[in-house]
Amino acid sequence: MKLQKTKIEDLLIIQPDVFTDERGYFFESFQKENFLKLGIDADFVQDNESMSAKGVLRGLHLQVPPFAQGKLVRVVRGAALDVAVDLRKNSKTYGKWESVVLSAENKLMLWIPEGFAHGFLTLEDHTIFQYKCTNYYNRESECGIIWNDPDLKIDWGIENPVVSEKDLKGLAFKDINSIF
């Protein structure tokens, strides 16, 4: 596995070692000892998967402590623009965002530690997105930031994505009182 740092500390792109032959490919998407060597000590307790049509935007989601979640995300079919926003008040990059294209083809994964809002835009029909979480889903701790927040200025590359009613009610970044 190779680790690629982003401009935001602790937000990491992981490139697995992929073995291919005439039959197809094989790779380990998670192996505890390898992740520890990369400096990621995560105890995953829940796996989630979604399938979306092209142009669907999910997010920006987060859970507040004590149910904050670290996430290891990847695309197993299709492609998505994945976005993470740093909400850690003491971080040099508080309020900054990073995006990376995750796809079935490139097999990249993104490690998003606690203290980030997360969302993604599907770039192909029938995109299957998977993520491992370090904490259980808790409805009362759920929070969201509106996808097109004017202060964050995230470049999603689309003007009118398909967004759920729930996500359309996301808060403005300036109204988030980050407790990370």
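Two strands count as paired if DSSP finds at least two bridges between them. With that in hand, here's a quick tour of this predicted model: in β9, the bridge partner of Ala84 is Glu98, and β9 itself sits in an open sheet of 5 strands. Beyond the sheet, there are nonpolar cores, salt bridges and a couple of unpaired cysteines to look at.

**The sheet**

- The strand order runs β9-β8-β11-β6-β13, with antiparallel pairing.
- At the edges you'll find β9, covering 97-103, and β13, covering 142-144; each of them pairs on one side only.
- Going from one strand to the next, the twist averages 25 degrees.
- β8 spans residues 79-86 and joins β9 in the antiparallel sense over 7 bridges. If you want one spot to look at along that pairing, try Ala84, which has Glu98 as its bridge partner in β9.
- Strand β6 (residues 57-63) is antiparallel to strand β11 (residues 116-122), and 4 bridges hold that pairing.
- A glycine faces a glycine here: Gly59 stands opposite Gly119 in β11.
- β9 may be an edge strand, but β9 is also mostly covered, with 5 of its 7 residues buried.

**The nonpolar cores**

- As a general backdrop, nonpolar side chains tend to be buried together in soluble globular proteins.
- In this model, the largest nonpolar core has 19 residues. The ones with the most contacts inside it are Leu60, Val83, Val85, Ile145, Ile154 and Trp156.
- The sheet feeds into this core: β6, β8 and β11 each supply at least two of its residues.
- Ile154 is a handy residue to click on. Setting aside neighbours within four places in sequence, Ile154 is in contact with Leu60, Val83, Val85, Trp97 and Trp147.
- Another core lies apart from that one and has 15 residues, including Ile8, Leu11, Val75 and Val100.

**Salt bridges**

- Side chains of opposite charge can pair when their charged atoms come close.
- The structure has 6 salt bridges, and a few of them are worth a look.
- Asp21 and Arg23 meet through their side chains at 2.5 Å, N to O. Asp21 is partly exposed at 34% relative accessible area, while Arg23 counts as exposed at 74%.
- Lys32 and Asp41 make another salt bridge, with their closest N and O atoms 3.4 Å apart. Asp41 counts as exposed at 63% relative accessibility, and Lys32 as partly exposed at 35%.
- Arg88 and Asp86 also form a salt bridge, at 2.9 Å from N to O. Here both partners are buried.
- That pair belongs to a network of salt bridges, in which Asp10, Asp86 and Arg88 are linked.

**The cysteines**

- The disulfide count is 0.
- Cys133 is in no disulfide, and the nearest cysteine sulfur, in Cys143, is 16 Å away.
- Why doesn't Cys143 bond with Cys133? Because the sulfur of Cys143 is 16 Å from the one in Cys133, its closest cysteine sulfur, and that is too far for a bond; the cut-off for a disulfide is 2.5 Å.
- Cys133 is also buried, with a relative accessible area of 0%.

Note on methods. Residues are numbered from 1 along each chain as its sequence is written. This is a predicted model: local features need pLDDT of at least 70, side-chain atom pairs count only at pLDDT 80 or more; totals for chains, interfaces and linings use all residues. Side-chain values use heavy atoms; hydrogens and water are left out. Buried means under 20% relative accessible area, exposed over 50%, partly exposed in between (1.4 Å probe, protein chains only). Axes are lines fitted to C-alpha atoms, for helices over the stretch in contact, and angles run from 0 to 180 degrees between N-to-C directions. A nonpolar core is a set of buried Ala, Val, Leu, Ile, Met, Phe, Trp, Tyr and Cys residues joined through side-chain atoms within 4.5 Å. Contact means heavy atoms within 4.5 Å. A salt bridge is a side-chain nitrogen of Lys or Arg within 4 Å of a carboxyl oxygen of Asp or Glu.
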